[in-house]
Amino acid sequence: MACPGAGEAPVWVKTGPVMSDGSQVPVVKEIPPKAADLSAWYTAVCLKAELVSYSPVRGCVVLRPYGFGLWENLQRHLDERFKATGHENAYFPLLIPESLLMKEAQHVEGFAPEVAWVTQGGQEELAERLAIRPTSEVIIGTMYAQWVESHRDLPILINQWANVVRWEKATRPFLRTMEFLWQEGHTAHASAREAREETERMLDVYRDFAENVAAVPVYAGIKSASERFPGAIETYSIEALMPDGKALQSATSHDLGQNFARAYDITFTDADQQVKHAHTTSWGMSWRMLGAMIMTHGDDRGLRVPPKMAPIEAVFVPIVRSNDDRALQACRQTADELSKAGFRVRVDARDEQPGWKYSEWDLRGVPVRIEIGPRDVEAGTAVVVRRDRPKGDKQQKQTVSLETLPRILPALLDDIQRSLYTQAKQFLEEHTFRTQDRSQFFDMCRNRAGMVEIPWCGRPECEAHVKAETGATTRVLRDLAGSALCVACGEPAKVNAYFAQSY
Ligand SMILES: [Zn+2]
């Protein structure tokens, strides 16, 4: 078996499973260099590190156990943050009657091209089509209308962990799939102010998660009108910058105003005895965030998973000589102690060469590898290797005493977490540009230089022109200090806009 990650060029062989349309999916033999072709590298890593497999249904992927481990860590950290901000989890149905979906006009228009429909149950054709949820504002709004009567019933602060379906032909694991996993928060409030505060609070929860758990630095801000969620009065998002200079929207938070409350009749009697419409919000992060994390941190050897997201924080590789399994015993004993202390560890006792195992765990991005050989057993030591450092780096390996390992490991994991964030932050800063020059602005957008920040007029036609000329759109908007002219068109500027091409 070839050493994973050792290849120079991508090798794709068409021997994968047959899809529903008769085509075959590629099987990865080697991982191509990341800098040469990010897209090929990304797909190869997702498949070879066993995060996902293509399924027989085009557009859908199978999340394998190691990939699901990443998702579980995302869930755990986000869920903690949702609970800490007063939210509860619930679950709503997958199917939405067509008549309900049609009630909010902008929402329908925005989602119509990607809705999948159920038209038949068993042998029977349905009298009314059922939509498979592309998002759940409709069904949740309908229920809130039943639950809310008085201002005392507000706010409602509910989150659901679910799958949604948006019809999609292309398949890119985590980034573009027909069915995907996400969470969607849906809240209802008595006042516009509370709804806006909620929208901003959850945006900050996402920013905090992205930066402090996934170690992905982001720009947070408001979306332009053309990028707004269908039916929202304001959409906020966090945007990360990928190594190819394209932005990746990683989570959104929407102030829905009273649009959905009007369409779904969410009313309440206020303290002044007036009947009023509630103000609602929705906010979501999907497994797309995992795609951002993979692209941001990975290298030519494969994934580099930030410790807080790592299904396995440290892997033990025993170096076993024939008729001497003391190294394996030492690994098992130490791993057992670490596991009891709350660390996520694994012992790789497979009958393979240590070098092969090193490459395998490098590919999977396990933050720390702990090697124990016969000489270490006698000395009571282990060699600790960091995945965040390049091979041959002075600080990549250190010999430590086995006894001190439980004390050293937390600081080591923290340091790796920090170092991955710092590297990504440096990349973002080095690839964020500010310019006052119109032609330079267009060139940078066209060449995918990164995030290009300019004073901007806020006019949809200006944004459409930039998009037609360069492929770039506004990613987020922020307040403009002082007065300036729009760098893209020369009209008076109203905001600061970050432009980039995007995923
Ligand atoms: Zn303009």
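Buried here means under 20% relative accessible area, with exposed over 50% and partly exposed in between (1.4 Å probe, protein chains only). Keep in mind that this is a predicted model: local features need pLDDT of at least 70, side-chain atom pairs count only at pLDDT 80 or more, and totals for chains, interfaces and linings use all residues. Residues are numbered from 1 along each chain as its sequence is written, and side-chain values use heavy atoms, with hydrogens and water left out. Helices (H or I, at least four residues) and strands (E, at least two) are DSSP runs, numbered from the N terminus.

**Helix α8**

- Helix α8 covers residues 288-297, and 10 of its 10 residues are buried.
- The buried set takes in Arg288 and His297 as well as Leu290, Ile294 and three methionines, Met289, Met293 and Met295; Gly291, Ala292 and Thr296 belong to it too.
- These buried residues pack (contact means heavy atoms within 4.5 Å) against the helices α1 (38-48), α2 (65-84), α6 (192-212) and α12 (405-430).
- Two strands, β13 (247-255) and β16 (279-286), are also among the elements that the buried residues of α8 pack against.

**Val205 in helix α6**

- Val205 sits in α6, one of the helices that α8 packs against.
- With a relative accessibility of 8%, Val205 counts as buried.
- Once neighbours within four places in sequence are set aside, Val205 touches Leu78, Arg81, Phe82 and Thr85.
- Gly482 is 277 residues away from Val205 along the chain, and their C-alpha atoms are 29 Å apart.

**Thr432 in strand β22**

- Thr432 belongs to β22, the strand of residues 432-434.
- Thr432 is buried as well, at 10% relative accessible area.
- Leaving out neighbours within four places in sequence, its contacts are Tyr219, Met451 and Tyr498.
- The side chains of Thr432 and Tyr219 also make a polar contact of 2.6 Å (a pair of N or O atoms within 3.5 Å; within protein, one must be able to donate a hydrogen and the other to accept it, and residues adjacent in sequence count only if both atoms are side-chain atoms).

**The β6-β8-β7 sheet**

- Here 3 strands make an open, antiparallel sheet in the order β6-β8-β7 (two strands pair if DSSP finds at least two bridges between them).
- Both β6 (95-97) and β7 (116-121) are edge strands with a single partner strand each, so one side of each has no neighbour in the sheet.
- β6 and β8 (residues 124-132) run antiparallel and are joined by 3 bridges; Pro97 has Leu130 of β8 as its bridge partner.
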